[in-house]
Amino acid sequence: MSDNIRRNMALFPIGIVMKLTDLTARQIRYYEQNELIQPARTEGKQRLFSFNDVDRLLEIKSLIEKGLNIAGIKQVLNMQAPAMDPNEISTTTEAKRKEMSDKDLHQLLKQQIMHHNASRRGEDALIRGELSRFFH
């Protein structure tokens, strides 16, 4: 499985994403309404977030802390990555997700962060730092 597919796999429910990002459910839904993120939906309409969604939420949080408004954030995000790959949700990934415990999800996230650490630099260092505090 390629890294891009793995990073787009919709695995995390909103509760875990809230813990990872220190954002409220209302903030996350607001960013979704403003099309800053597009989490996948299960058949039961539950939002599921990928590693890329978590990264993007942390980036949005950082930009807001720097004083940007939603319009400014949209422009910054569009300049960085004009076309995001859709989150991967299929019967196979949905079955895997249902089998995973929170501990398994945390381990997968930790592995992804460590892999991500080796392959990226710059602004991502801040994002990795925020995610890594989840594992202390």
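Accessible areas here come from the Shrake-Rupley method with a 1.4 Å probe, and for residues only the protein chains shown count as cover. By that method the chain exposes about 7,900 Å², and carbon and sulfur atoms supply 51% of this area. The model is predicted: local features need pLDDT of at least 70, side-chain atom pairs count only at pLDDT 80 or more, and totals for chains, interfaces and linings use all residues. Residues are numbered from 1 along each chain as its sequence is written, and side-chain values use heavy atoms, with hydrogens and water left out.

**Whole chain**

Start with the whole chain in cartoon view. It has eight helices and three strands; these are DSSP runs numbered from the N terminus, helices being H or I over at least four residues and strands E over at least two. Read from the N terminus, the order of elements is α-β-α-α-β-β-α-α-α-α-α.

Next, colour by burial. A residue is buried under 20% relative accessible area, exposed over 50%, and partly exposed in between (1.4 Å probe, protein chains only). Buried residues account for 40% of the 136 residues in the chain. Contact means heavy atoms within 4.5 Å. Among contacts between residues at least 6 apart in sequence, 72% join residues at least 24 apart.

**The loop before the first strand**

Select Met-9, in the loop between helix H1 (3-7) and S1. Its relative accessibility is 8%, so Met-9 counts as buried. Now add Phe-51 and draw a distance from C-alpha to C-alpha: Met-9 and Phe-51 are 7.4 Å apart in space, although 42 residues separate them in sequence.

**The sheet**

Show strands S1 (12-13), S2 (40-41) and S3 (47-49). They form an open sheet in the order S1-S3-S2, with antiparallel pairing; two strands pair if DSSP finds at least two bridges between them. S1 and S2 stand at the edges with a single partner strand each, so one side of each has no neighbour in the sheet.

Zoom in on S1 and S3, which pair in the antiparallel sense over two bridges. Phe-12 stands opposite Phe-49 in S3. Then turn on helix H4 (51-65). H4 lies across S1 and S3 and runs at about 85° to S3. For such angles, axes are lines fitted to C-alpha atoms, for helices over the stretch in contact, and the angle runs from 0 to 180 degrees between N-to-C directions.

**Helix H3**

Select residues 25-33, helix H3. Which residues of H3 are buried? They are Ala-25, Ile-28, Tyr-31 and Glu-32. These residues cover an arc of only 125° around the axis, which puts them on the same side of H3; the arc is that of the directions from the helix axis to the C-beta atoms. Turn to the other side of H3 to find Arg-26 and Gln-33, which are exposed.

To see what covers the buried residues of H3, add helix H2 (14-21), S2, S3, H4 and helix H5 (70-80), which are among the covering elements.

**Two loop residues beside H3**

Select Asp-22, in the loop between H2 and H3. Its phi is positive, near 60°, in a residue other than glycine. Asp-22 is partly exposed, with a relative accessible area of 49%.

Then select Glu-35, in the loop between H3 and S2. Phi of Glu-35 is also a positive value near 60° in a residue other than glycine. Glu-35 is exposed, at a relative accessible area of 58%.

**Helix H5**

Move to H5, where Ile-70, Gly-72, Ile-73 and Leu-77 are buried. Viewed down the axis of H5, the buried residues fall within an arc of 155°, so they line one face of the helix. Gln-75 and Met-79, on the other side of H5, are exposed. H3 and H4 are included in what covers the buried residues of H5.

**The core**

Finish with the nonpolar core, a set of buried Ala, Val, Leu, Ile, Met, Phe, Trp, Tyr and Cys residues joined through side-chain atoms within 4.5 Å. Which residues of the largest core touch the most other members? Of its 21 residues, they are Phe-12, Tyr-31 and Leu-57. H2, H3, H4 and H5 are the elements that give two or more residues to this core, and H4 gives the most, with six.

Last, select Leu-57 and show its surroundings. Leaving aside neighbours within four places in sequence, Leu-57 is in contact with Val-17, Thr-21, Leu-23, Ile-28, Tyr-31, Ile-37 and Phe-49.
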